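I sat down with this one to check cysteines, aromatic rings and one helix. Notes are below, in the order I looked things up.

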Amino acid sequence: MLFRSVFSMSVPRKRFAEEPTQARLHELFHYDELTGVFIWKVGRGGVLAGAVAGGQDSCGYLQMRFCGTKASCHRLAWLYVYGVFPENELDHINGIKNDNRIENLRPATRANNMCNIGVRKNSKTGVKGVTWDTQHGKFRAQIMHQGKRHNIGRFDDAESASAAYAETAHRLHGEFANSA
């Protein structure tokens, strides 16, 4: 009943038409650990053997059809190599969502995964954790930790605020800290 316990965790799971197993993955696909790419071993449904499996979703993650539904390639890579789905989430260490090399994946909690997000695209300063404080005319560094926002301080320039954020992030978030 490993199948049920893995899919009844807090992370939403897709419903598969058949039980996804490492053996079935190995039967249908070759996974290259150095590139993170799945290749079809057999042709089926209009796909030729030797073709790259899957494509990018709207969020930038790679997905492919497996056991009757679309599944995230990074989670399938974990199953392919280790024989089980990760209990929670998987973090892309380098922050590149379509880099599914096994060395770039690590188990993470949701909080860990959120720590490794880079600077937001809509950031006005272009620096993670740093905003412009119009009231004080300075750059403000802030960080989220354990669900609470912590004020690091106000600084005359964005570089000083960024350095303070980076130091705090590494202290609070350890290996999951991403200050870029």
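These entries cover the cysteines, then the rings, then a helix.

**Entry 1: the cysteines.** I kept in mind that this is a predicted model. How many disulfides does the structure hold? I found 0. I checked Cys 59, and it is in no disulfide; the nearest cysteine sulfur belongs to Cys 73, 14 Å away. Pairing would need the two sulfur atoms within 2.5 Å. Is Cys 59 buried or exposed? Neither label fits, because its relative accessibility is 48% and it therefore counts as partly exposed. Cys 73 is in no disulfide either, and the nearest cysteine sulfur to that residue is the one of Cys 67, 13 Å away. I noted Cys 73 as buried, because its relative accessibility is 3%.

**Entry 2: the aromatic rings.** I looked up ring pairs next, and the structure holds 8 of them. I took Phe 29 with Phe 38: the ring centres are 5.9 Å apart and the planes stand at 80°, so I wrote the pair down as edge-to-face. The cut-off for that label is over 60 degrees. Phe 29 is buried, with a relative accessible area of 0%, and Phe 38 is buried too, at 2%.

Phe 38 also pairs with Tyr 80. Their centres are 5.9 Å apart with the planes at 80°, so this pair is edge-to-face as well. Which parts of the chain does the pair link? Phe 38 lies in strand 2 (residues 37-40) and Tyr 80 in helix 3, 42 residues apart, so I logged it as a link between distant parts of the chain. Both Phe 38 and Tyr 80 are buried.

I then followed the ring pairs outward. They join Phe 29, Tyr 31, Phe 38, Trp 40, Phe 66 and Tyr 80 into a cluster.

**Entry 3: a charge over a ring.** Where does the charged end of Arg 106 sit? I found it over the ring of Phe 176, 4.0 Å from the ring centre.

**Entry 4: helix 3.** Tyr 80 sent me back to helix 3, which spans residues 73-82. How many of its 10 residues are buried? I got 8, so the helix is mostly covered. The buried ones are Cys 73, His 74, Arg 75, Leu 76, Ala 77, Trp 78, Leu 79 and Tyr 80. Cys 73 from my first entry is on that list, as is Tyr 80 from the ring cluster. After the helix comes Gly 83, and I noted its positive phi, near 85°.

How values were computed. Residues are numbered from 1 along each chain as its sequence is written. This is a predicted model: local features need pLDDT of at least 70, side-chain atom pairs count only at pLDDT 80 or more; totals for chains, interfaces and linings use all residues. Side-chain values use heavy atoms; hydrogens and water are left out. Buried means under 20% relative accessible area, exposed over 50%, partly exposed in between (1.4 Å probe, protein chains only). Helices (H or I, at least four residues) and strands (E, at least two) are DSSP runs, numbered from the N terminus. Rings of Phe, Tyr and Trp (its six-membered ring) pair if their centres lie within 6.5 Å; planes under 30 degrees apart count as stacked, over 60 as edge-to-face and the rest as tilted. A charge sits over a ring if NZ of Lys or CZ of Arg is within 6 Å of the ring centre and within 35 degrees of the ring normal.
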